[in-house]
Amino acid sequence: MSDDSSFDKERFEVELEFVQCLANPWYINIIAQQGYFDKPEFVNYLKYLKYWQRPEYARFVVYPHALAFLDLLQHKSFREEIKRVDEATRIHELQYHHWRWPNYQEDSTAVVPAPSTNGS
């Protein structure tokens, strides 16, 4: 096995593991509180990881919520909200209800906070 293919395999495994960690709202909350989402390099890394949503890569992802959270992490408002423990708790509860009762729907199903309006 060449060094390049070894490196590619390791990179694939490390990135897959990280993407799958994003299925856990508490993990996202912790890295948000540690300031990772305030670093432009890390936000760019999250953009780069969107390739995992393509079918040829998504088939390796065991936890589909990881891809949904990867999408939400592209929004600054979500990255700010997930820093709060109460928001991580709310999302975790929604996720739990979704797994427990797949047809469960809360009145407010939006995970991403609505943008504020400055109108009268």
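Modeller: Buried means under 20% relative accessible area, exposed means over 50%, and partly exposed lies in between (1.4 Å probe, protein chains only). This is a predicted model: local features need pLDDT of at least 70, side-chain atom pairs count only at pLDDT 80 or more, and totals for chains, interfaces and linings use all residues. Residues are numbered from 1 along each chain as its sequence is written, and side-chain values use heavy atoms, leaving out hydrogens and water.

Colleague: Why is Tyr 48 called partly exposed?

Modeller: Its relative accessibility is 33%. That falls between the two limits, so Tyr 48 counts as partly exposed.

Colleague: Which ring does Tyr 48 pair with, and how does Phe 42 come in?

Modeller: Rings of Phe, Tyr and Trp (its six-membered ring) pair if their centres lie within 6.5 Å; planes under 30 degrees apart are stacked, over 60 edge-to-face, the rest tilted. The whole structure holds 14 such pairs. Phe 42 and Tyr 45 have centres 6.2 Å apart and planes at 50°, so this pair is tilted. Both residues lie in helix H3, three places apart, about one turn; helices are DSSP runs of H or I of at least four residues, strands are E runs of at least two, and numbering starts at the N terminus. Phe 42 is buried at 14%, whereas Tyr 45 is partly exposed at 26%. Tyr 45 also pairs with Tyr 48: 5.9 Å between centres and 25° between planes make that pair stacked.

Colleague: What makes Lys 39 count as lying over the face of Tyr 36?

Modeller: The rule asks for NZ of Lys or CZ of Arg within 6 Å of the ring centre and within 35 degrees of the ring normal. Lys 39 sits at 4.8 Å from that centre. Tyr 36 also belongs to one aromatic cluster, whose members include Phe 37 and Trp 52.

Colleague: Which residues have the most contacts inside the largest nonpolar core?

Modeller: Phe 37, Trp 52 and Ile 82, in a core of 25 residues. Such a core is a set of buried Ala, Val, Leu, Ile, Met, Phe, Trp, Tyr and Cys residues joined through side-chain atoms within 4.5 Å. H1 (3-21), H2 (25-33), H3 (40-48), H5 (65-72) and H7 (85-100) each supply at least two of its residues. H5 gives the largest share, five residues.

Colleague: How do you know that Leu 49 is buried?

Modeller: Its relative accessibility is 0%. That is under the limit for buried, so Leu 49 counts as buried. Leu 49 sits in the loop between H3 and H4 (55-58). Beyond four places in sequence, Leu 49 touches Glu 15, Phe 18, Val 19 and Leu 70, where contact means heavy atoms within 4.5 Å.

Colleague: Why does the pair of Lys 83 and Asp 38 tie together parts that are apart in sequence?

Modeller: Start with the bridge: a side-chain nitrogen of Lys or Arg within 4 Å of a carboxyl oxygen of Asp or Glu. Here the closest N and O atoms are 3.1 Å apart. Lys 83 is in the loop between H6 (76-81) and H7, Asp 38 in the loop between H2 and H3, so the pair ties together parts 45 residues apart. The whole structure has nine salt bridges. Another joins Asp 86 to Arg 84 at 2.9 Å. Shared partners link Asp 38, Glu 80 and Lys 83 into one network.

Colleague: Which elements have the lowest and the highest mean pLDDT?

Modeller: H7 is lowest at 78, H3 highest at 98. pLDDT is the predictor's confidence in each residue, from 0 to 100. The protein's mean is 85, and 78% of its residues reach 70 or more.
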